[in-house]
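Here are some short exercises to work through with the model open beside you. Try each task yourself before reading its solution.

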Amino acid sequence: MTDNHSSSTGLRTAIVYTSVHHGNTRRIAEVMASEMKADLFTADDAAAVDLSGYDLVGLGSGIYFGRHHRSLRQIVGAWNSPPKRTFLFSTAGLPFLHFLQHASLRGRLRKQTCEIVGDFCCRLHAH
Ligand SMILES: Cc1cc2nc3c(=O)[nH]c(=O)nc-3n(C[C@H](O)[C@H](O)[C@H](O)COP(=O)(O)O)c2cc1C
């Protein structure tokens with residue numbers, strides 16, 4: 001976990017990720033957090049963090065059987081005071097399907113009335 005508190009843009013940003021298979025999403029999350037000067041949490045750690053104080057929260061994992069890891073869906077489902085602005089990312093074997101494969105987590109965020117300001121998926125070859 002990093003503890004940068006405020007990005008160069010002035011937005012307080014957190015990135016929450018799960019990366020269980022090849023570490024692909026972890027590598028993307030680490031680069032994003034470094035570039036955005038965001039606080040970086042695993043989904044396990046983030047369960048104990050109040051993310052409502054952040055201006056922007058990014059959520060990402062590998063895609064497993066057509067959707068994000070369940071730990072992210074659980075975190076979003078459990079939010080009592082959700083962050084206003086979010087973005088989604090993933091790594092996947094089939095990145096061109098990301099609109100479909102992000103639908104489950106996107107639906108959870110919309111239910112929480114979070115604005116989704118970005119959506120990103122890529123394939124890594126570290127298998
Ligand atoms: C059990 C399993 C299921 C997967 N299911 C999908 C899938 O439905 N769609 C897809 O595009 N990629 C799928 N993949 C590929 C992963 O999304 C991809 O390797 C991803 O980068 C893994 O992320 P991680 O290393 O951060 O866990 C699957 C991989 C595994 C091991």
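**Exercise 1: The shell around the ligand**

In this predicted model, the shell around the ligand divides into 8 nonpolar residues, 11 polar and no charged. Task: find which residues are closest to the ligand and which strand gives the most to the shell.

Solution. Start with the count: 19 residues surround the ligand. The closest are Ser 19, Thr 25, Gly 62, Thr 91 and Ala 92. Next, look at the elements: helix 1 (24-36) and strand 3 each supply at least two residues. Strand 3 gives the most, with 3 residues.

**Exercise 2: The faces of helix 1**

Task: decide which residues of helix 1 are buried, and where they lie around its axis.

Solution. Begin with the buried residues of helix 1: Asn 24, Thr 25, Ile 28, Ala 29 and Ala 33. Seen down the helix axis, these buried residues fall within an arc of 155°, so they line one face of the helix. Now turn to the other side, where Val 31 and Ser 34 are exposed. Finally, ask what covers the buried residues: the cover includes strand 1 (13-18), strand 2 (39-42), strand 3 and strand 5.

**Exercise 3: Strand 5 and its partners**

Task: explain why strand 5 (residues 85-91) is largely enclosed, and find the strands it is joined to.

Solution. Count first: 6 of the 7 residues of strand 5 are buried, so the rest of the structure largely encloses this strand. Then trace the bridges. Strand 3 (residues 56-64) runs parallel to strand 5 and is joined to it by 7 bridges; here Leu 56 stands opposite Arg 85. Strand 6 (residues 115-122) also runs parallel to strand 5, with 7 bridges, and Thr 91 stands opposite Cys 122.

Methods: Residues numbered from 1 in each chain as written. Predicted model: local features only at pLDDT ≥ 70, side-chain atom pairs only at ≥ 80, totals over all residues. Buried ≥ 20, exposed ≤ 12 C-beta atoms within 10 Å, placed from the backbone. Helix = DSSP H or I, 4+ residues; strand = E, 2+ residues; numbered from the N terminus. Pairing = 2+ DSSP bridges. Near = placed C-beta within 6 Å. Nonpolar A, V, L, I, M, F, W, Y, C, P; charged D, E, K, R; others polar. Arc of directions from axis to C-beta. Contact = placed C-beta atoms within 7 Å.
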